[in-house]
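Visitor: Before we talk, please put the chain on the screen, and then let me ask how each label attached to it is justified.

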Amino acid sequence: MLNRKSILATVLLLGLTACSVGPRYKQPTLALPQQFTAPDTASIGVSPHADASDPEFWHSFNDPELSSLVQRALTANNDLRAALAHYDSANALLREAKFDRYPTVTMSTNVGRQKFSSFQAFGYPRNNRFFNPEINASWELDFFGRVRHNIEAQRQRTLADASDLAAMQVTVVGDVASTYIDLRGRQELLRVALENVENQQETVRLVNATYSAGRGTQFDTARARALLETTTSRIPELLAAIALDEHRLAVLCGLSPDALVSELEVARPLPALPGSINPGTPADLVRRRPDVSASEERLHAATEQIGIATADLFPRVNFAGLIGLNEFHGDTPFDGVSAVNLAELNIDWSFLDRGRVRARIAASRADGDAQLVQYQQSVLLALEDVENALVSYARSQDRDVQLQLAAKDSKRAADLASVRFKNGATGLLDLLDAQRVELQAEDAYAESHSNSALSAVLLYKSLAGGWPQTLPPAAKGGRP
């Protein structure tokens with residue numbers, strides 16, 4: 001049966017334990033626009049199959065090879081595995097911090113033997129044996145919330161590392177998709193160049209035949225060959241760019257650079273553009289972007305750090321206890337076994353060092369202010385990314401339409417010029433000019449179409465698409 005003093009002490013202890021000093025975190029309020037203001041946002045459309053929040057946006061391109069590469073990168077990319085290891089480390093530190101809420105119990109044992117010579121023992125040599133097992137316990141009584149602030153700060157740092165992992169997933173998926181689209185775009189440019197080389201070779205053959213028949217000049221032959229050699233000179237550059245993309249994709253998938261060459265060297269058409277992309281609202285973006293989440297979580301951790309520093313203005317109370325045995329055997333009548341018990345309450349109060357404590361508090365507040373500014377900046381940068389991506393995507397589609405028409409018309413003109421030249425109805429200069437315009441128009445359209453697909457990827461990336469729940473395996477050594 002507890003007496004009144006014990007009950008009063010218990011109530012007081014519980015009351016003190018509930019006390020916590022320092023500021024409480026409040027989510028910053030930001031004035032966000034109701035919708036994005038990029039031109040032609042409405043024309044981008046809304047489609048449930050191309051929602052920006054879709055964690056597997058790459059399927060909207062309807063390219064099985066792209067989907068396969070993304071899945072391989074998500075499970076084997078080394079940057080992702082490193083980010084996962086950082087998250088595992090932070091999670092382990094969080095588990096360690098949570099143990100501060102409970103007593104720390106350790107055990108130690110001293111076992112030994114001492115031999116004293118007659119000179120050391122005043123002419124009576126003797127042997128002593130001792131055995132001292134002890135169990136030690138210590139517990140910081142968290143009266144002012146220092147431990148709780150520390151646990152919450154570590155929890156927020158762990159969440160920030162988890163958000164960094166998600167942001168890395170967005171980056172890796174975006175890099176895979178962008179590199180793959182660039183690869184297919186380069187292969188399309190190579191196809192256009194090879195097709196034009198074939199056409200221009202036929203033109204050179206016709207010019208040579210005309211010259212041999214005495215109806216042409218060396219000037220005509222030189223001009224036809226110059227156009228052919230100029231077109232042919234683009235092929236090595238395109239082959240080099242294709243090889244670089246193949247190597248990059250292999251490394252993104254955690255493979256050696258040459259591992260995917262045979263798989264990717266087979267040319268395929270550019271992935272089809274998504275029919276429409278729903279950008280959502282700026283408020284949705286702020287909730288979805290992992291880099292913004294990481295910045296807010298670090299702001300929360302900085303706020304908790306102020307509470308840790310503020311707790312040093314108040315006493316730090318530690319309860320310590322010891323239970324053990326002291327067993328001693330020697331050549332004296334004073335050997336035997338005795339119990340050892342100790343309980344103490346330690347109070348550490350830095351009230352005489354308040355200047356340093358308040359300096360640490362001021363530093364923590366300044367760090368919190370800096371983190372708040374960084375959070376606000378991360379939101380503004382996220383909005384800027386989306387606005388820029390929306391503009392690029394909308395304008396690139398408009399440009400595609402015009403360049404596609406130009407490519408078709410220029411090809412038709414080149415075909416007609418070739419027929420007219422063979423029939424003697426037009427001169428060589430008209431034919432070469434038509435072929436040159438055809439090459440430029442087809443190049444421009446192929447590059448523009450590739451850039452449109454890249455703009456779609458950039459839009460998904462800025463909207464934090466590609467944030468799947470797939471995690472790569474733990475780094476070597478396993479998780480703690």
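Visitor: What area does the chain expose, and what share of it do carbon and sulfur atoms supply?

Guide: Bearing in mind that this is a predicted model, the chain exposes about 26,400 Å², and 57% of that area is supplied by carbon and sulfur atoms. Of the 480 residues of the chain, 40% count as buried, a label that requires under 20% relative accessible area.

Visitor: Why is Asn62 called exposed?

Guide: The relative accessibility of Asn62 is 63%, and the label "exposed" applies over 50%, so Asn62 counts as exposed. Asn62 lies in the loop between α2 (41-44) and α3 (64-76), and its phi is positive, about 55 degrees, although Asn62 is not a glycine.

Visitor: What makes the empty space in the largest cavity count as a cavity, and what is its volume?

Guide: The term cavity is used because a 1.4 Å probe fits at its points but cannot get out. A search of the whole structure finds one cavity of 30 Å³ or more, and the volume of the largest cavity is about 70 Å³. Among the residues that line the largest cavity are Glu140, Asp142, Phe144, Arg146, Asp312 and Arg316, while β2 (126-141) and β3 (316-329) are the elements that give two or more residues to this lining.

Visitor: How many residues of each class are found in the lining of the largest cavity?

Guide: The lining of the largest cavity has seven nonpolar and five charged residues, with no polar ones. Phe143, for instance, is part of this lining and is placed in the nonpolar class because Phe belongs there by definition, whereas Asp and Arg count as charged.

Visitor: And what makes the largest pocket a pocket, with what space in it?

Guide: The word pocket is used because the set of points is open, with protein on both sides within 12 Å along at least five of seven lines. About 240 Å³ of space lies in the largest pocket. It is lined by 15 residues, of which Leu206, Val207, Thr210, Arg215 and Phe421 are the closest to its centre.

Visitor: Which elements supply at least two residues each to the lining of the largest pocket?

Guide: They are α5 (146-212), α6 (218-232) and α11 (354-422), and α5 provides the largest share, five residues. By class, this lining of the largest pocket comprises six nonpolar, six polar and three charged residues.

Terms used: Residues are numbered from 1 along each chain as its sequence is written. This is a predicted model: local features need pLDDT of at least 70, side-chain atom pairs count only at pLDDT 80 or more; totals for chains, interfaces and linings use all residues. Side-chain values use heavy atoms; hydrogens and water are left out. On a 1 Å grid over the protein atoms alone, a cavity is a set of points where a 1.4 Å probe fits but cannot get out, and a pocket is an open set with protein on both sides within 12 Å along at least five of seven lines; lining residues have an atom within 4 Å of a point. Grid points are joined across faces, edges and corners, and a volume is the space filled by probe spheres set on the points. Helices (H or I, at least four residues) and strands (E, at least two) are DSSP runs, numbered from the N terminus. Buried means under 20% relative accessible area, exposed over 50%, partly exposed in between (1.4 Å probe, protein chains only). Accessible areas come from the Shrake-Rupley method with a 1.4 Å probe; for residues, only the protein chains shown count as cover.
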